[in-house]
Amino acid sequence: MTNVERPPHRRNLRPPARPAAARRVPARLTTAASLALAALAAGAGAAAAQGATRTTPELPRHTVDTRLPAAPGRTVRVDAGDDLQRAIDRARPGDVLALAPGATFRGSFTLPAKDGEGWITIRTAGDAGLPRPGERIAPAAAPRLARIVATSQEPAFRALPRAHHYRLMLLEVTAEPRVKRNGGLVRLGTSREAQNTLAEVPHHLILDRVYVHGHPAMHLKRCVELNSAWSAVVDSYLAECHGRGQDTQAILGWNGPGPFRIENNRLEGAGENVMFGGSDPSIPDLVPSDIEIRRNHIVKPRAWDGRWTVKNLVELKNAQRVLVEGNVLEGSWKDGQVGFAIVLKSVNQNGRCDWCVTRHVTVRSNTVRDAAGGIAMSGAVNDGHRPGEWLNNVLVADNHFDVGSASPKAVGRFLQMSGDLWNITVERNTVLATKAVLAPGNGRQRNVYVADNVFGGSRYAVKGAGARAGQATMERYWDGYSFVGNALVGARAAAYPPRNFFPATQRDAARLTGSAGRRVGADEAAVRALTRPPAGGR
């Protein structure tokens, strides 16, 4: 089992003191600045002169091994009409429960704790016509899958306390059409008194090529709960996870330590598609840790607009060492909130988590489109309850963002920052945003490093509340910042620090070399390679 890493002292809300070198530099750029002059001046020493240092968050320390067991034990055939729960209860570590293709098993099935560390695999029998490991499953595979069907508000699968080493593979998991509300189809772990120590946390649990879905009229609170350790959802398809008047998710975790691996899935969720935090953990000092969210299609179908309560695509309220990489995120609009694609903040949700913190987050090589806003960062005080630390140590790099273009009423900001955050780096992104690209406010942000980005779509590249666009906003809201090598399409050069570019068009920006000696903006070829649709289904 993973030990809970104890966070810093829970009253330590403020960032570290600003180093002597982290001083602000007065504005001194004239309107005569040109692209050629900026190119010559953009050098490696520019960042140090302005006072901020580049942040490199700690990446996940552990990853969940999702390879198939090398030496399975017995294969136990389970046909339609057989007692699936009895088969699970009798299974020994190493066994494979092979469910008949097309068979339906109705009810709520529990995964109990067993002695031994061999994997128990519950799967559809046979591989013919089904995706291989590494290929994403799709609804078209459903007729060849065994079906697990919930018949009430209870889950189709529930991992009991201390359960471990279960793999659910090549299955369809859903609810009967008559079920109008369900709290979660797959629940890996729980909270409150049933799981308030690490010893009770279920662990080593994998969903592999599983089609988990509600139905169009159903209020499904979430498709998968990850209140567990050493758990993964890979190559799967989670759909119709939606509700009205309540937050709903494709994947939510708040009372499990991790690590978690969420890779190569399609994830549909109305409230937040993927979320960690949002409820106080019942295990003291627990922060979900070592989280990989990679190569997923994270999407809200536009047909949900006006029907289900919509908020964000990815939200972190209590999480550390998180990698969000190579995903396509799309479909986030003003409804329950303003519709940022990604929300990062430290939140003591219910007043019982004064250690909660979000820190060490890397967001890189993603494509974000059809979103009202890009990223919202904040240190949140929720109903007077303070978290352990404000959000800190975040890297946003090599992403492509197109925000606000789908609606004239969209918030249209690439990055909104509020609260006393620290160690924020934004580099090599290509951004189209209809309003202010960077919008700081409501507090002081320390050690902010912004370099080699392409910012287009708005004449207000950097604009905070109550301040003029450009360096005036930086001086008001940022303590210790570097702003170098950026291409600000259509912006007014006189308003910004030196060593930046002011091309007329996005195409002109693509030819510029930034402070690191490479083209400004995201590496489009690398982003396309990481976000390429996988085999087996979109």
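**Close-up 1. The salt bridge between R178 and E176 in the predicted model.** The side chains of R178 and E176 meet with an N to O distance of 2.7 Å. R178 counts as exposed, since its relative accessibility is 57%. Its partner E176 is buried, because its relative accessible area of 13% falls under 20%. Side chains of opposite charge can pair when their charged atoms come close. This bridge belongs to a total of 35 salt bridges in the structure.

**Close-up 2. The salt bridge between R266 and E268.** Here the N to O distance between the two side chains is 2.9 Å. R266 is buried at 14% relative accessibility. E268 is buried as well, with a value of 6%.

**Close-up 3. The salt bridge between D508 and R511, and a salt-bridge network.** D508 and R511 meet through their side chains at 2.8 Å, N to O. D508 is partly exposed, with a relative accessible area of 25%. R511, in turn, is exposed, because its relative accessible area of 52% is over 50%. Elsewhere in the list of bridges, shared partners join R261, E263, R294, R295, E325 and R364 into one network.

**Close-up 4. The aromatic pair of Y211 and Y237.** A pair of aromatic rings is described by the distance of the centres and the angle of the planes. The count of such pairs in this structure comes to eight. In the pair of Y211 and Y237, the ring centres lie 5.7 Å apart and the planes stand at 85°, an edge-to-face arrangement. Y211 belongs to strand β11 (residues 203-213) and Y237 to strand β15 (residues 237-241), so the pair ties together parts that are 26 residues apart in sequence. Y211 is buried, with a relative accessible area of 11%. For Y237, also buried, the relative accessible area is 11%.

**Close-up 5. The aromatic pair of Y496 and F502, and a ring cluster.** The rings of Y496 and F502 form a tilted pair, 6.1 Å centre to centre with 50° between the planes. Y496 is buried, with a relative accessible area of 2%. F502 counts as buried too, at 18% relative accessibility. In a separate group, ring pairs link F401, F414 and F455 into a cluster.

**Close-up 6. The largest nonpolar core.** This core has 101 residues. Those with the most contacts inside it are F157, M377, F414, W478, F483 and Y496. Strand β8 gives the most to this core, with five residues. Apart from it lies another core, of ten residues, and L130, I137, L145 and L170 are among them. Two residues named here also appear in the preceding view: F414 is part of the ring cluster, and Y496 pairs with F502.

**Close-up 7. The largest cavity and its lining.** The structure holds one cavity of 30 Å³ or more. About 50 Å³ of space lies in the largest cavity. Its lining consists of P93, P112, A113, K114, G116, G118, I120, H164, H165 and Y166. By class, the lining has five nonpolar, four polar and one charged residues. Strand β8 (residues 164-175) gives the most to the lining, with three residues. Strand β8 also gives the most to the largest nonpolar core.

Key
Residues numbered from 1 in each chain as written. Predicted model: local features only at pLDDT ≥ 70, side-chain atom pairs only at ≥ 80, totals over all residues. Heavy atoms only, no water. 1 Å grid on protein atoms, 1.4 Å probe; cavity = no way out; pocket = protein on both sides within 12 Å on 5 of 7 lines; lining within 4 Å. Points joined across faces, edges and corners; volume = space filled by probe spheres on them. Helix = DSSP H or I, 4+ residues; strand = E, 2+ residues; numbered from the N terminus. Nonpolar A, V, L, I, M, F, W, Y, C, P; charged D, E, K, R; others polar. Core = buried A, V, L, I, M, F, W, Y, C linked by side-chain atoms within 4.5 Å. Buried < 20%, exposed > 50% of the residue type's maximum accessible area, 1.4 Å probe, protein only. Phe/Tyr/Trp six-rings, centres within 6.5 Å; stacked < 30°, edge-to-face > 60°. Salt bridge = Lys/Arg side-chain N within 4 Å of Asp/Glu carboxyl O.
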